Structures are given as structure tokens and as C-alpha cells.
Amino acid sequence: MIIRKIKIENFGVLRGPLSVDLGSGVNVISGPNRIGKSTLMRAVHAVMTLRSKITGGTRERFVPYGGGTPEVTLVLEDATRSLTITKRFGGQAGSTTLALREVSGGFRQLQGTEADDAFYEIMGVRPAGRGAPGDELCGVLPLIWVEQGTSATDPSHKINTDTRETLRDLLEAETGVALGGPDAARVYERVQGQYNRYYTGGGRLTLAAGYPYADAKRDLDKADETLSALRVREEAHIAALTSYACVSGDLERLDAEIPNLQGVLTSAEERVRRVADLSSAMGRTESALRLAKAESNAANIRSADRRQLREDVRQAIIAVSNHQTLAERGQISLDSHRFTRAQFDNSLVVARAADDQGRAELRRLELERDVTAARDQLHEVTTQLETATAQQLAITSANEELERLGVNHSDVVELRRLHSEAEVQRAALEAAAARVRVKALGDVAVRVGDEISVSMRAGETTERAVARATPFVIGELAEIEVVPGGADLGAMDNRVRIANASLSAKLRKAGAKSLADAEARENTRGKLKADADTAQAVLSQVAGGGVQALEHRAAVARGTVQRLEAEIQDVGGTRSHAISQVGASFETRLAQARQGVATAATRVQDAERSSQAHDRAERGLDSAVVASRSAASQANIQLQAMTSRLASSVTNVGNDERLEEVRVLHAETSIMRQGALDAATSALAAENPENSQRSHARCVAGLAEAQRQRAAKLSERDRLEGQLTSGDLAGMHERLGDAEAASAVARRVLDQQERYARALALLNKTLVDSRSQTQQAFREPLMRRLLPLLQSLHPGTSVELDDDFNIVRFARPGVGEDSFGTLSGGESEQFGLVVRLALAQVLSERQSLPVMIDDGLVHTDDQRMQRLLDILASAGRSLQLIICTCHPERYRGLARTEQCIDLESSLRS
Amino acid sequence: MIRFLHTADLQLGRAFRDVSGDRGARLREYRLDVVQAIGRVARHRQAQFVLIAGDLFDAHTVDDRTITTAAHHLSAIGLPVLVIPGNHDPGGDADAVFKRASFRAACGDRVRVLLSQDPVPLLNGSAVVLPCPLLSRHTLRDTTEHLTNDFGRDVVPNGVRIGLAHGAVIDFAREEEGATNLIDANRVSVAGLDYLALGDWHGTLQVHDRAWYSGTPEPDRFKNNDPGNVLLVELDGSGAVPRVEKVRVAHTRWVEHEATVHSDEDVTVLSEWVGGVESPTNTLVRLTLDGALSFEGSGRLDTLLTQWGNLFLLLKREGEIRTAATAEELAAIATAGPVKTAADRLAAIAGGATVQAGDAALALQMLHGIAAGGVA
């Protein structure tokens, strides 16, 4: 149903009368502020929702300033009818007139309350009791009526119960999908309630106290805890029983084992005792044996001593006899020896005389040879001394000549250097000096400078090098001064003079007239030096130690000759006797003399050795005699002592036969006791004492260990008995059984609860899924209308609505999800308008009413505005849109010209 | 003639893992009461003594009240009671129950626990009991191996010879590797026994013309091997064939039942079976169920099972009843909308073979309950 005409008079600022014609689709009513756009909308709203007889503040707000009765007429129509309703809000005097005209031709006119009610029914509005109706009573109007300043609010908040049911009816009718109504909601609620008793919001089984699953689980835990504690006790009991059985078995074994060990120990002890007895007996036997052996040894010793003593006596008698015989024989030999001693003395005297004679001859010959040699040596030294003296004189003479010559080699070398320097300087001066050549044309005296005068004959030529200004006086005729032009000639000349001066000074110092003189003297010096060196060499050869040494040697040689000549005289020769030459005969004589001396000396030595040997033999013989006599005396003394001892022994221990009897007796006793000892040793070895001791120790230790173990086992058994018979075990069997039964019951209950919870979860999920899918299908017509509008506004945007058509969230690409409350102002009015249009389109299937928008797009930017204009134009194809604005330019082109209403013009007209 | 009672395996103080609380206590009380029942039989049938072939107690750690009560009941029989320890109460253990002061204080002179193999003459030498006590829980030896034809004749040369032992006869355990406490059944002949009173097998069983297991006098498991008896044995003299009579003394019955339910009629049949159980409050039932029921049928069965669980001393359920919603039950959840969609999906899962089938069936049942206005 669309509004075709609005007539207003005396309504608020619109005193009117005002008549506005509207068309289907988009209508834009514009005008400046306070011209009455919102008042116009309120007037239309008042007609649609209020009884004409309203009173109080609501009506008072309609009454214009200055008074008057507000009156509003609407003309509406749809495809089947048209109606005109006029309401005069005159308080109790108010009136309503409704004229209904069917397309089919029917007509009806109603007045008053009947007209109000009929119109309410058509509008889907329920009458209010007193005052203005709230949104809940106004059907779809709150949704499609956008008052100024409310465009940015959530449109779903304007869906009242009636509208919601209408929407559901329409969507059910369109989709054929049923939501189930209140019965289904009740089922949801109860299932959810049950579900919440088992599950948390996160979908986990709730373990909070007071909830059935948690209580069942706690009961089971408690029962299991009790059961577990009892089982632990039971296991301990069983373990103790097992231990007790083991300990009892061990005790039985030990009780059986200990007597056996004791028996074994007794046997071991008997064996040890037996060994001890044997050892003791053997000790005694050993003592007796030792005693017997000692006695036997003593008897043996005594017998041996007796035999030895008798042998010693016999030997002593023989020794005495022998020593006496030797003494007698020695005395005879000594006497004989002493008789031959004089013969040896004579022979020695003869030999010594021959030796003295030979030695004197040999000495004389040797002295002769020595004096001859000394004389020859004296002569040779004397000769050398003469030669040396002559050479000494020659050297002295040469040295004196050398001293006289004065120039030495270094002087010559220096002179040569200076001369060479003077020559060089002179050559350089001459090379640089002017060369003056004078040719005498006639005889003439030419004086050069102040010193040189030359007489020249005609035709002669003389040439001079002139290094400084030099006058040439030619006779009397002319004086020519030659001045050389060289710059350094003066210096060069000076250097020549210095060099010459140095040379002259050196010549004077060396004592030479010139360099040639010096060089000649040096040659002479060389020759003299060679002569002196030769004399020196000869001197050195003749007298290496010098002349004095030769003189000393000559004196010594003379002394030697004199001494030898004196010795010759001493040995019987004459001082002058000397051989002239030491020849072969002399040497033969000398050798023979030496041989004779050697032979005589040998003979003397032989005679002396013979005498000495004889003396030694004599002393030996004498000593032997003395010794023999002494030995005989000693042997006799010993013999006496032995004889005395033998007599004493016989007196003390018996004669030899008795000694033998005793010895045999003790020997037999020893043998007998040794046999007894051997037998005891064998018996003891058979017992193996060490094994017996070890075996005994093992038995003692084994028995002690067994007894210790038994004591420990007894203690352990007592402990286990105490544990096994403790009071808390009584009734444990029943308590364990009860606990197991209680645990089983609790387990069954928990199993039931778990199964119930699983079934409930499945039921809840199945219901939620079914409901979600149903609702999705149910809302499809609405979403089919809404989504294109949203896409036009914000491409990619989706929206989620809940069962009550509330906006849950928007989702936009690149932005994410937003609830309506988080949208910006512009977005809120844009999205709100789009949602309203979509809902209005759905609702228009049953009841199409104009969508009224009073300045609803005040925050929208120009870009979005253009998109909204497209959306409004689109919506206008199925809905009547009445837009009030003070900015008509923003809606330009949206409505047809005749549907763009300038309210101000309308008021004027 | 000699007349005596032979019993074994009372296992007094036994705890039942599947039975908790008061019912478990009742079961233990019944086992004590059966001692009194044995005493009544003994006196009524003029038995001259009672033999207990091992396992009088279930464990050494039973509580003192059980021991005292048992000893008191045994003493109250008024006849000689000869007891050998078995593998549950071996006599050699340090904490052997027979050594407990509470037992010794209450059992009096007539109750004798035989911890040695020494022959025990009875009835002025007209009979001799040859005990074969178990001193440890397990032994690889035959505890009767000391029984020869001469054994005990120095004590009682010509009396009736009665062996008393606890263990499995070798024929039983032939298939069991490493079996312990074995007894050679031929010992009866070898040892010249007139009767061998055996314990360990919980059902009444004759293993030789002169050897019997009395079985436990009070059943303790779902095994149908004729437990719950004592044996009244009569012997006319040495060499005579014993006459053995089973006398029932048990308080409880252990019953197994299997049923398949697919309909209300099946549930009704099961209910009728339960109604026919004799002395249900002293009966323990192992009920194995199979099949599938509608929500309604399943709910009804659950209600009945709860009632039966309260009725029987024990109702042990095994097997599983699947729930299979009928078309009406599914429609009752929702006819349209997401709830119906969910119900259809759960029904599909429940009808499949995945691991979630059971959960889905329960979820569907819960949904049905919620949609019907109840709680899940």
C-alpha cells in the first residue's frame, strides 16, 4: 500500500493547509530546516498509529502555536483498493473518517473508533491503551520509519514481535522450511539445559561439584581410592605371607642343617684332638731321640777322642825321635861346611886384584882418547874466533860508510815524487806560457828579463817560454816586453816555484846535490848493505852466539885439555902423552881393555856370590840344628801332656773297651727312638693337621653362620608374624570385597553417565546442526534480497543474522568482522538502511508500506552516497520510499521530477 | 553303623564382588546361617560327627565377628566337628585363621582343626579319620600320598577308615597345566579307605564309589553344578560300601536366565518368568537379555528391571536391549522443523552399524522424552 496524498492542517509547524501528492517508487521531499519535513512525517505516523481522540501531551505536541485542531488526511492505495483516512486530533472531540474503495467497486465509509480499528487492522498496528503506542504495538512501522537522527541505529532492534512473526510466516511460506515454533524452542532449551549439566562452554565434560558426571567420577575416584588402599594393604599382606613362607622354609632348612653342622664340627674337633695327641707324643719322642742322639754323639766323641789321643801320643813319640835325629845330622853338616869357608875367600881376593888392574888400563886409554878430542875442539874454536873477528870489522866499516852516505831509500822516493811534481808544474806552465822565438838577424846580445843574457849570432834562433811579463832587450836596439795573456799563468808559475823550492829543500835535507846524486848514493848504500849482510851471515854461521861465546868456548876447551892431561898423569901416563890420531888400533885396544874389565868383574861377582851362598848355607844349617833341637824339646813336652791326659781319661771314663760298649749302647737307643719318631710323624702326616685345622675352622664358621642366619630368620619370622596378625587385617577381606563392589557400582554409574553424556553431546550437536541448517534455509529469501544490496554498497560484505533477525556480525574483506555497534556513523546509517530495505522487501509480500526516511544519510560520503542512490533506486522499484531532506541536491536524479517535492513551494501554493 | 555329615567349602566371610552393601552382608550372613542348618541336619539325622573337608573360611583376614559366629555355630552342633584347612584357609600360614584367638576362644572342645596328618580315632576306635590338611595355599604334592594301606592302623587297626582331603582329583585337572593341590582318586583303593571326604569342588559330585565332593552348602556362583547340599554318609562297617544322601541346606539360589525381547509380549513373558521364581528375595539372577524395543517398551522394561532389581537378592544384567523407535514415537518428537530433522538423523545413526549407534539410540530416546515434556 502506498501513500498517494498527504493533507495536513494545523499540525505543528505545518499550519497548512498543505497537500502533497506522492507516487510509487522514490519520493524526495525537500525543504530548509524547520519548514516542516519531520512534522509531515510525524503527522503521517500519527494518523497511522494514534486514535483521533487522543489527549494529553501527545496531542498537545501536535497543536500548532496559536491553536487550532490538527487534521491529517492520507490517501493510500494498493492493487485492490484505495482508502482515505482523515483524523482530526481534537481531543475528546477528535474524529476519524475512513473511506474504503475497492477496485472491484465496493465502497465503505467508517467513522470514529470503528474507523480507527479498521485502519489499525489494515496497517497492522495494535491500539494502545493510553498515550502513544510503543514500538511493540506498531507492527512494521518502527522498522520502516526512520526518524531524523535514528538512521544509524541497529534496525533489527526495531523488529517487534509482530513483525518477527510476520517475517517468519513469510519466510516459511516462501521456503517451505519450518523452524518448529515454540515446541522446537522448548526442545532446544531443554536439551541445552541437559547438555549444560554435563559440558562446559568449551565442550568438555564439566568436573564441577554438583554435576552428575563429576559426582559419578568423584564417587568412583573415592571408591577406587579406598579399593586401592585396601589392595595395597592386601598386596603387602600377600607379600608378607610369601616372605613368611620363605622365612619358615629357611628356618626349617636351618633347623635341619644346624645339627648336621654340629655333628661335622664334633668330628672335626675329634680329629683336631687326635692330631694334638699325636703332635704331643711326637714331641716327646723327638726329645728322647735328641737326648739319645746327644748321648750317642758324646760316646762317639769320647771314643774318637780316646783314639785320637792314643794316636797323638804315638805321633808325638815319633816326632821327638825324628827331631833329635835331625839335630844330630845338622850339627855334622855344619861342622863340615865351616871347614870349606877359606877356599872361597882366596878366590875372591885374586879375582878382585885382576879386576883392579884391568880397570886402571881401561881408564888410561879412555883419558888419552878424551884429551886428544879436547885438543882438536880447542883448535877449531880458536879458528872460528879469528874468522868472526874479521867479519865483525867488515860490518863495522860498512855501517860507517852507510852513515856517511846519508840518503836512504825513502829520501829517494820522496825526491822522485817532488821532482816529478816540479816537472809536471813546469810542463803545465810551459804549455800555457807564451812562446817567444827570437831570430838574430845579426849578432846581437839578447837579455831576457833581468838575469838571462844570450848572445846570438846572425841567423840563430832562440825560443823562450814566457809566463810573466818579461822584457826582452835586444842589444841596444830594442826592449821588448812580452806579456803573456793567460789568466792562470801567475798561479801556475807560483806552483812551479813552490815545487822547485820543495825539491830543493828535500835535496838539502838529504845532503844530495840532485835527484841523480841521491839515486847514485842509494845504489852505493845497497851494495854496502849487501856486504854487511854477508859479513853478518858469516859471523852468525861461525859464532851463532856471538864472538864472546866463541871466546868462552875456547876457554872451556883449554880447561878440559888441562884437566885431562892431569888425570893422565894420575893414572901413570905423561901430560904430553897423547895420541895423534884415534885410529882403529886404538879402538881395538880400548875394546879389549873393556872386555878384560868385564871378565874380571864377573869373576869377582861369582866369587862373592859363592862366599855369600856358603854363608847362608851355614846359617841355614845352624838354624836347622837349633830348630830340630827345639822341636824335639817341644814334642817331648806335648808327649808328656798327652800321656798325662790319656791316663786321666782312662781313670775318668774307663778304658777303651768300656768306652766302646757305651757308644754301641747309645747308638742302638738312638736308632730305636728314631724309628718311633718316624712312626709318629707318619701317623701325624696321615692326619694332615693343617686340613684338620682348616676343616675345623670352616665347621665353626659354618655353624656360627647358620646359627646367625637362624637367629636372623627367627627375628624376621617374629616380625612377619606380628605384621600378619596385626589387628587391622581382621575384616580386611570383607572390606576389600565391599570396596570392590562399591568400585564396580561406581564404575557402572560412571559408565552410564559417560554414555549418557556421549548421547547428550550427540543429541545436542545433531540438534544444533539441524537447527543451523534449517535456519540457513529459512533465511535464504531474506539473504537473497539483502546480500545484493550489501554487495552494491561494500563488495564482498556478508552478514550473519540470528533467529530473531538480529544482526550478529558483518564481515568485510580486508576489514574483518564487525558487530553493528562497532561500525562508523556513516557505515551504520548505510548498513542500517540496506537491512531495512531488505526486510521491507520481504515484508512487502504481505503488506507493503512506504519506507519513510527523514534525513537518514547525513554521515555518508559522496562515493557511498552514489552507491546508495543506486540502491534506493533499485528498492524503489518494489517499495514506496519517502525521503525527507534538507539537501535535495544529494538525491538529484533519484526520483522522477513530479516526485521531487519542494515543501516550501508546496506550503506557499 | 557309622553316620556322619560331610561338607566343605563354606568359605565363610566370602565377599561378593557383584553384590554390594546390605545384600553382600546378607549373602555373608546366609553362609554363617548354613552352619546352623548343617547342625540341625546333623542332629535331626543323628549323625555322630561332622567332617569339613577344607575352606571353612574364605580367607585368613575375615573379620572376627565371622570367626566367632562360625566357631560358635560349629560348637553348637554338639557333635565332634573335624576340620581340615583348605587352600582358602591353609593351616601353615602365620596368620592362619585357625590360630586367631577369636576362633580358639569360641570353638570349644568338640571342634578340632586338624593341622597334622596324625590319624584321629573316633567312636572308641570303631573309626579313624585320616586327615590330609593343606598347610600352604598351593602344593604340587598330592596331600594324600602319605595314605597307605598301613597308615593309621597302628592307631585304629580295624576301624572304618575315612580320608579327609582338599584338592582337585587328578582327572579334573588333567587339562590344567601347572595345577596344584592334586589328589589321586585311586588313593581310596591304595589306602584301603572306606570313604574319602573331599573338598574344593563346589558342586556335589561323586568321583569314586567311595569318594565324594560334598560341594559348598551355600551356593556362591552362577554355575549349575548342584551346590547347596551336605552329604549324609552311612557306613555299616569297615569294607562296607558307603550310603551317601544329599541333604539340601542352602538359603540362596543362583539362577541364570536368557531372554530375547522384541515386543511387549516378550516383556510380558519375561515378567511371567520372574513371577515364577521361587523365593525371589533369596535368589540371585543373572539375566541375559537381547533384542530391541520401542521407547515405550524399553521404558517399561527398564521399570520392570528396576522393580526386579529390588526384588531379587541380586539381579545381574548382561546383554543389551536396543531401542528402536516406532514411527509413531518418531512422529511424537516432531513432525517438522529442525527437531524432526535431528530425530531422523539420530534414528539413521542408531539403525546403522557405527560405534555411535548406541549413543544415537539413547540420544533419540532422550529427545523423545524431552519432546514429550519429560526430562531426558
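I'll walk you through the contact between chains A and B, and then a small sheet in chain B.

Some housekeeping: this is a predicted model, where local features need pLDDT of at least 70, side-chain atom pairs count only at pLDDT 80 or more, and totals for chains, interfaces and linings use all residues. Residues are numbered from 1 along each chain as written, chains are lettered from A in the order written, and side-chain values use heavy atoms, with hydrogens and water left out.

Okay, the interface. Each chain puts in residues: 42 from A and 42 from B, with contact meaning heavy atoms within 4.5 Å. The buried area is about 3400 Å², and carbon and sulfur atoms give 63% of that; that's accessible area (1.4 Å probe) lost on putting the two parts together, summed over both. On the chain A side, A:H733, A:E734 and A:L762 lose the most area to chain B, together 19% of what that side buries.

How many salt bridges are there between chain A and chain B? There are 4, counting a Lys or Arg side-chain nitrogen within 4 Å of an Asp or Glu carboxyl oxygen. One of them joins A:R758 to B:D359, with the closest N and O atoms 2.9 Å apart.

Now the sheet. Chain B has an open one of 3 strands, ordered β15-β16-β17, with parallel pairing. Strands here are DSSP E runs of at least two residues, and helices are H or I runs of at least four; two strands pair if DSSP finds at least two bridges between them. β15 (253-261) and β17 (314-323) of chain B are the edges. β16(B) and β17(B) pair over 10 bridges, and B:T288 has B:E318 in β17(B) as its bridge partner.
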